[in-house]
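The paragraphs below walk through one structure, beginning with a single helix end and widening from there to the whole fold. Please keep the sequence and the 3D view side by side while reading.

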Amino acid sequence: MIDSSALVEGFYPDPPPANPQARRAEEAVITWLWRIGFLTTPEQEAHLRSFEFGTYHGLATPDAGLDALVLGLKWFCWGSLADDQYDNYDWGEREHRLARMIDDVRAAVAGRPVAVSNPVLAGFVEYWPDLTKGLAEASLRRITGHFVDYLQAILLQNRYHARGEVPDAATFLMLRRNTIAMVFQADVLEIIGERRVPEPLWESLPLRELVWCFADITAWHNDVYGLEKDLADRQTCNAVRVVAAGEECDLDTAVARVLERARHRQRLMLELERGLPELTRRLGLPASAAARAARLVEDLRAYVHANLVWIGQTARYDLNRPRIRGTFDDVLSR
């Protein structure tokens, strides 16, 4: 178990109160999940509620209006349930099911018709137009690429799990920052916060590195507090397991090393944030662009903080609660 003490001083010093509309947003999203067929029994709903996703997003997006909060929470609830479908089954036909999902996603974002045969795809085809409404072509291309990168990384990760093989550290780094879906989460936060960061800033290496820091920090924290669950599920793509295997140390030592490396990434994230005004000037963008980017980075830091508070309240990683089998079972083969 870890908490906000895992953050370096000054990373998120004065957390605001939680969003007062978080519970209303959660109720709206649960109603939606029933409608698209992801929830079909009261037991499934109770299981989902125990994850406390509304609590998480009330802390992560404290100033969002109700519609924006629902948009962000839809992605997180649907995305989490879908993620469980992608990578928590006996190997079997899992790769083929996920490959079909990737093909359907590519078709849907290209405007081609798809046969909606399961609640994972049903959620996507309803959610995607709402998320991307009004985006410029370059922004849409970026966000689509990040989402497809996430799915493709899950497919690669599943091969390691199927073989029972722990990846080497170099392979794992880029793989994990995509499987955590936090690069795409940064896109979602930009949209729901109406930050409108100019694409030249998104394309710059410093801002991309800053977002990778955000993804790494969140992923590595997740891997520390989810370690027992991953061991029980025989998941091999966990930062602690990668460090333990690659550096030939025990799990306790690996946990300490992962947390220290996360602190290093936090410090780099703050350093890159301080450089945003100069970066914006060198790109020939107005000062308002730096201000919008700074607001987005504040959103990312709030998200990291919320994650650490949430883990003390969620039942998502309880060993006695199966992620899928016996609760949601397989929906991708429908």
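In this predicted model, helix α8 is followed by A181, a residue whose phi is positive, near 65 degrees. At the opposite, N-terminal end of α8, the cap is supplied by D168, which places a side-chain oxygen 3.1 Å from the backbone nitrogen of A170. Between these two ends, α8 covers residues 169-179, and its buried residues are F172, L175, R176, R177, N178 and T179. The cover over these buried residues comes from several parts of the chain, including α4, α7, α9 (182-192), α11, α13 (239-246) and α14 (251-274).

Two of the helices that help to cover α8 can be followed further, and α11 is a convenient place to start. Helix α11 runs over residues 205-225, and its 21 residues reach 30 Å from the first C-alpha to the last, close to the 30 Å expected at 1.5 Å a residue. This helix is mostly covered, since 16 of its 21 residues are buried.

Helix α7, which takes in residues 137-163, offers two residues with polar side-chain contacts. The first to consider is N158, which lies in α7 and has a relative accessible area of 1%, so it counts as buried. Where does the side chain of N158 reach? Its partner is the backbone oxygen of Y86, at 2.9 Å. The other is T144, also placed in α7, whose relative accessibility of 16% falls under the 20% limit and therefore makes it buried. A polar atom of the T144 side chain lies 2.7 Å from the backbone oxygen of L140. When neighbours within four places in sequence are left aside, T144 is in contact with V109 and W128.

Y86, met above as the partner of N158, also appears in the nonpolar interior. The largest nonpolar core has 113 residues, and those that touch the most other members are L33, W78, Y86 and F147. Helix α4, residues 66-87, gives the most to this core, with 12 residues. As general background, nonpolar side chains in soluble globular proteins tend to be buried together.

At the scale of the whole chain, the protein contains 16 helices and zero strands. Its radius of gyration is 19 Å, close to the 20 Å that the globule rule gives for 334 residues, so the protein is as compact as a globular protein of that length. Along the principal axes, the C-alpha trace spans about 55 × 50 × 35 Å. Buried residues make up 56% of the 334 residues, while the protein exposes about 14400 Å², of which carbon and sulfur atoms supply 51%. How much of the contact between residues with a separation of 6 or more is made by those 24 or more positions apart? Such pairs account for 77% of these contacts.

A final pair of residues brings together two distant stretches of the chain. V309 belongs to helix α16, which spans residues 287-310, and V309 is partly exposed because its relative accessible area is 27%, a value between the 20% and 50% limits. Although V309 and I2 are 307 residues apart along the chain, their C-alpha atoms are separated by 9.0 Å.

Notes. Residues are numbered from 1 along each chain as its sequence is written. This is a predicted model: local features need pLDDT of at least 70, side-chain atom pairs count only at pLDDT 80 or more; totals for chains, interfaces and linings use all residues. Side-chain values use heavy atoms; hydrogens and water are left out. Helices (H or I, at least four residues) and strands (E, at least two) are DSSP runs, numbered from the N terminus. Buried means under 20% relative accessible area, exposed over 50%, partly exposed in between (1.4 Å probe, protein chains only). A polar contact is a pair of N or O atoms within 3.5 Å; within protein, one must be able to donate a hydrogen and the other to accept it, and residues adjacent in sequence count only if both atoms are side-chain atoms. The expected span of a helix is 1.5 Å times one less than its number of residues. The radius of gyration is taken over C-alpha atoms; the globule rule is 2.2 Å times the number of residues to the power 0.38. Contact means heavy atoms within 4.5 Å. Accessible areas come from the Shrake-Rupley method with a 1.4 Å probe; for residues, only the protein chains shown count as cover. A nonpolar core is a set of buried Ala, Val, Leu, Ile, Met, Phe, Trp, Tyr and Cys residues joined through side-chain atoms within 4.5 Å.
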